[in-house]
Amino acid sequence: MTPTVARRRETVIGDPTVDGQSVSAAWRERALARFPGGVNSPVRAYRAVDGEPLIIVRGEGPLVWDADGTEYVDYVGAFGPLICGHAHPAVVVAVEAAARDGGPFGATTPREVELAERIAAAMPVIERLRFVSSGTEATMSVLRLARAATGRDLVLKFEGGYHGHVDGLLVEAGSGLATLGLPASAGVTVAQAVETIVVPYNDLAAVERAFDDHRGRIAAVIVEPVAANVGVIPPAPGFLEGLRRVTRADGALLVFDEVITGFRIARGGAVERFGVEPDLVTLGKVIGGGLPIGAYGGRAELLDLVAPVGPVYQAGTLAGHPLAMAAGIATLDLLMPAAYRELERTAAALEAGLRAAAAEAGVGVAVNRVGSLLTVFFRARPPADATGAKASDTAAFARFHRAMRAAGILVPPSQFEAWFVSLAHTDTEIARTVAAAREALRACRG
Ligand code: KE4
C-alpha cells in the first residue's frame, strides 16, 4: 500500500524556501522572537507531541494549508468554534456585511439582540445573558455573579476541568495545563486558590462530602457537562442530576460551562442533551462562529444582579462585537436539526473507523465520543475522570500525532484536547483519516 503523504497546494504563501529553510520555519523563527514559545496560546506550541508548531495560512471547509502549502484534514477546528468548517460562505458574507456597516460603536446593536434571542430560544434557561469576548471572561464573570447572588466565597470545580485562565480556576485544570503537566499556574496566589475546592469528575460521593465539609459556604459548582479538556469524558449516568440535587439542597448555584458543548452536542447544548437545568450557563466558541466571543446567562433574577441593574460589575469594550455577532448568527442559522443528524453520522463513522483501525493494528486505544466531540485515548479502557485520562500513553499519542500529521491529518496536538468534527467533514475526509490512522497506529506501536 503506498504510504499516505500530505498533499501540497500549488499556491504557497511567500517563497517556498527562505535562506534554505522552509517558509513555515522562517515564520516560526519570527514568531519565536515575538511571542512566548512562538504562540499566542500554549497548546499551539506542539510541545506535547515533539512537533514543530504549524504555521497555517488558510482554511476552507475541512481543510487547512500551512505556509509551505501542505494540506491537512483539520480536526482542531480552532478548538471548537468552527462547527461549520473553515470560511463557510454564509459566515464570510455575514461578516463582510457587518464590516461594511462599521462598528463597533460602544452601543447596543440589533445583531446582539438577534444572537441573544437565538441563544435563548435554544436554551430557555438563559432568560438573560451578557456577551463578553472570550470563554475566560464568561467563566470569570459568572463566578463573580454566583458569589454575589449567594453571598458565599467557595467554588467547586473538577480535576481536569478547564474553564479558561481565570486565576482561581487554574487549580488542577485541564487543556494546556494537563498537556504541559502543570498542576496549577505560577502567579495564582494561595488566597485565590484556597477558595477553589477540587474533586474528581464523575465522583458524586466526593461532591457530597465536599458539601458536608463546607455546608452553606459553596457559592457554585462549575462543571463541563461533558469533560472535554482532559480528552472527551461523558458524565456518568446520574452525575449531572446528582449535581443539580446537591447544589439545590445546599443553596449553591450550578454552572454548566458549555463553552465547548454549547450548540455543539445539541442545539440546546448539554442542557438539552441531558435534560438537567443549571442555574447559569457559560458559552463561547460556536456562538461566535470563529470570532472572539463568550457569554454567560441564566434566570433573569440572577442576571439582573449585573451592572447597570445590580451591584455586580462586569464590562468590556468589544463585548457584543458586531462582526462576532454576525458570524454567530450565520453559524447558528446553519445549525438546524438536519445539521446535528449529519454531525452525528459523520462522527460515528469516524469513531467506527478509528476503532477498526486500532483493532487491525493491534493497538489498545479507547475512543470516547459525544456527538461531534471525540478523543482517542492511548489506553485500553475509556477513562471516567482526569486521573484515568492522564494514565494514557502520551508518548504513543505523540507518535500517532506525528504520523497522522505526516499523512496530512491534523489531530489536536495533545492527548487531552478533543477532536472536533465539523459539518464540512465528508465521507471523503473520514476515509482519508481512517486510512492514515491504520498506518499511523501500526507505526506508533513503539
Ligand atoms: P477561551 O477564553 O479560550 O475563549 O475559553 C476558555 C474555556 C472555557 N471553558 C471551556 C470548557 C473551554 O474549553 C475553554 C477553552 N478551551 C481551550 C481548548 N480546550 C481553548 C484552546 C486554547 O487555550 O488555546
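This briefing walks through the ligand site and the nonpolar core of the structure above. Please keep in mind that the model is predicted. The ligand lies between domain 1 (7–74 + 336–443) and domain 2 (89–334), because both of them give residues to the shell around it. The largest nonpolar core, with 109 residues, also draws on these two domains, taking at least three residues from each.

**The shell around the ligand**

- There are 17 residues around the ligand, and those that come nearest are S41, T136, N229, D257 and E417.
- Sorted by class, this shell holds eight polar, five nonpolar and four charged residues.

**Polar contacts and cover**

- S41, one of the residues that come nearest, has a side-chain N or O atom 2.6 Å from an oxygen atom of the ligand.
- For Y162, the backbone takes part: one of its polar atoms is 3.5 Å from a nitrogen atom of the ligand.
- With S175 the side chain is involved again, as a polar atom there lies 3.5 Å from a ligand nitrogen.
- On its own the ligand has 540 Å² of accessible area, and the protein covers 87% of that.

**The nonpolar core**

- Within the largest nonpolar core, the residues with the most contacts are I119, F158, F263, F378, F400, W419 and L441.
- Helix α12, spanning residues 337–361, gives the most to this core, contributing nine residues.
- Domain 1 (7–74 + 336–443) and domain 2 (89–334) each supply at least three of the core residues.

Conventions
Residues numbered from 1 in each chain as written. Predicted model: local features only at pLDDT ≥ 70, side-chain atom pairs only at ≥ 80, totals over all residues. Heavy atoms only, no water. Near = heavy atom within 4 Å. Polar contact = N/O pair within 3.5 Å; in protein donor to acceptor, adjacent residues only side chain to side chain. Areas by Shrake-Rupley, 256 points an atom, 1.4 Å probe, with all protein chains shown as cover. Nonpolar A, V, L, I, M, F, W, Y, C, P; charged D, E, K, R; others polar. Domains from an automatic or database assignment. Core = buried A, V, L, I, M, F, W, Y, C linked by side-chain atoms within 4.5 Å. Buried < 20%, exposed > 50% of the residue type's maximum accessible area, 1.4 Å probe, protein only. Helix = DSSP H or I, 4+ residues; strand = E, 2+ residues; numbered from the N terminus.
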